[in-house]
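Trainee: Could you take me slowly through one part of this molecule, the place where the small molecules are held? I would like a single connected account that I can follow with the structure open beside me.

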Amino acid sequence: MTFSQIKFDNRLLNNLPADPETDNFPRQVMQAYSFVFPAQVSKPKLLASTEDLAHNLGFTETDLDSQAFANVVTGNQLIEGMQPYSTCYGGDQFGQWAGQLGDGRAINLGEVATQKLGHQTLQLKGAGPTPYSRTADGLAVLRSSVREFLCSEAMYYLGIPTTRALSLSLTGEYVMRDMFYNGNAQPELGAVVCRVSSSFTRFGSFQLASSRKDLSLLKSLVDHCIVSDYPKICTDKSKLSKQHYIAWFNEVCSRTLTMIIHWQRVGFVHGVMNTDNMSIIGETIDYGPYGWVDDFDLNWTPNTTDAQHRRYRFGKQGEISHWNLYQLANAIFPLINEAKPLEDILNQYPEQYQQQWQQMMCDKLALSSLHEDLALLSDLEKLLSDVETDMTVFYRRLADYPLEQHDKNNTLWQAHFSESYYSEDQLDEDYCLQFSTWLTRYAKAIEQENKSQEI
Ligand code: AMP
Ligand code: MG
């Protein structure tokens, strides 16, 4: 028997109010979610799945090999206990309040109650229109789905909080897309990713209820989030107080900060940090125009539609996360009615960012602290920015560099680091001297590190 191990417990549906309308057409929804069925597709075909995740959810080998699995993860078939729905949220897009957005191309199938991972929601991305699709089709193409599948899994294995991907499938349908935004729409292969997280709730979910002055819905959303996703704060909804809400906000800030520091560590640039793409549990979510830094450039963004203002550029992700948390604080304010505790938390954020960024960078450089050289990190960033340097290759080469043999007065280091540079013509004499001096400083810090470890 297939899927006998999969048990659903749809807490969100039980805790939050549903849209009474069940027909599928675009509309404003005043509740937390709408019931909606995935569109039927002609030829579901599984292309890839993540076995470790599948097993932890309770899918067996036989399940994964079955056509029924491909049917389920494209929305053609439901497992007993699934109750498909899309959620309602709003968001600030590029700094402007955009009103209701919602799951326009995402349909949640339900929450699997697992032993190892707690509750995990299965969500199909690209399974057809929902009440939140506005004028769009609710579909996804293979190209963007491969990007989401691969990147979310890569992020997971890089130790970064993220939604995961259970599967990538073809639907058998074609979807029209204007790949180069030049007015030439072409048919592309339609695909669905089944993504997985303990929560897909976004900052924008709270913002929308608050913007509509629906305090009852706002409270239900926060209460549900605390007892379901932050049980360490409180597990009993009837006991929730202002203090719990403040503690929760503090924890959301802390998780968001942790996530952003990880992004900076690996050179991940999200590209669309709108508040509707900010997960309330601090996971990387919505892999759209994201990119990875090649040439180390704090001004770089992978998002061509943001090329002018570069709001979501690499070096600004910390600041933007802070701005987004401000919007969340404003949204939940009516539940607390006191600005100071929220402001205090928000005011600490930049300093905490600085501290955690420094710690992460020290870890990257195998240092426990900067010892006496307080400008070591900022000078490194400047050097990496001044000539086109590949961030990842540079750190790999640095890790292998025989620092104890470094001699500031010769140029032997150049051959070692040459792969990191896009064009060695950019390395003028002055730069070489500065870089070589930096290596000497780094060698000294490592020496002090070793000494302090010997004591
Ligand atoms: P994004 O910036 O990609 O997170 O999308 C912003 C909003 O547009 C969200 O509400 C999405 O659900 C919606 N959206 C994006 N693409 C589509 C699509 N192809 N069909 C329906 N809604 C979409
Ligand atoms: Mg989104």
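Mentor: What follows is a walk through the surroundings of ligand 1 and then of the magnesium ion. Please keep in mind throughout that this is a predicted model.

Let us begin with the space itself, for the room that ligand 1 takes up is the largest pocket. Around ligand 1 there are 16 residues, and those that come nearest are Gly 102, Gly 104, Arg 134, Gly 138 and Asn 277. When this shell is sorted by class, 7 of its residues are charged, 6 are polar and 3 are nonpolar.

Turning to individual side chains, you will find an N or O atom of the Asp 137 side chain at 3.1 Å from a nitrogen atom of ligand 1, while Arg 177 places a polar side-chain atom 3.4 Å from a nitrogen atom of the ligand. With Asp 286, the partner is an oxygen atom of ligand 1, which lies 3.2 Å from a polar atom of that side chain. On its own, ligand 1 has 480 Å² of accessible area, and the protein covers 78% of this.

Asp 286 also leads us to ligand 2, the magnesium ion, which is coordinated by Asp 286 through OD and by Asn 277 through OD1, at 1.9 to 2.2 Å. Asn 277 has a relative accessible area of 10%, and because this is under 20%, the residue counts as buried. Asp 286 is likewise buried, since its relative accessible area is 15%.

Note on methods. Residues are numbered from 1 along each chain as its sequence is written. Chains are lettered from A and ligands numbered from 1 in the order in which they are written. This is a predicted model: local features need pLDDT of at least 70, side-chain atom pairs count only at pLDDT 80 or more; totals for chains, interfaces and linings use all residues. Side-chain values use heavy atoms; hydrogens and water are left out. A residue is near a molecule or strand if one of its heavy atoms lies within 4 Å of it. A polar contact is a pair of N or O atoms within 3.5 Å; within protein, one must be able to donate a hydrogen and the other to accept it, and residues adjacent in sequence count only if both atoms are side-chain atoms. Accessible areas come from the Shrake-Rupley method with a 1.4 Å probe; for residues, only the protein chains shown count as cover. On a 1 Å grid over the protein atoms alone, a cavity is a set of points where a 1.4 Å probe fits but cannot get out, and a pocket is an open set with protein on both sides within 12 Å along at least five of seven lines; lining residues have an atom within 4 Å of a point. A molecule sits in a cavity or pocket if more than half of its atoms lie within 2 Å of its grid points. Ala, Val, Leu, Ile, Met, Phe, Trp, Tyr, Cys and Pro count as nonpolar, Asp, Glu, Lys and Arg as charged, and the others, Gly among them, as polar. Donors are N, O and S atoms within 2.8 Å of the metal (3.2 Å for Na, K and Ca); water is not among the atoms, so sites may look incomplete. Buried means under 20% relative accessible area, exposed over 50%, partly exposed in between (1.4 Å probe, protein chains only).
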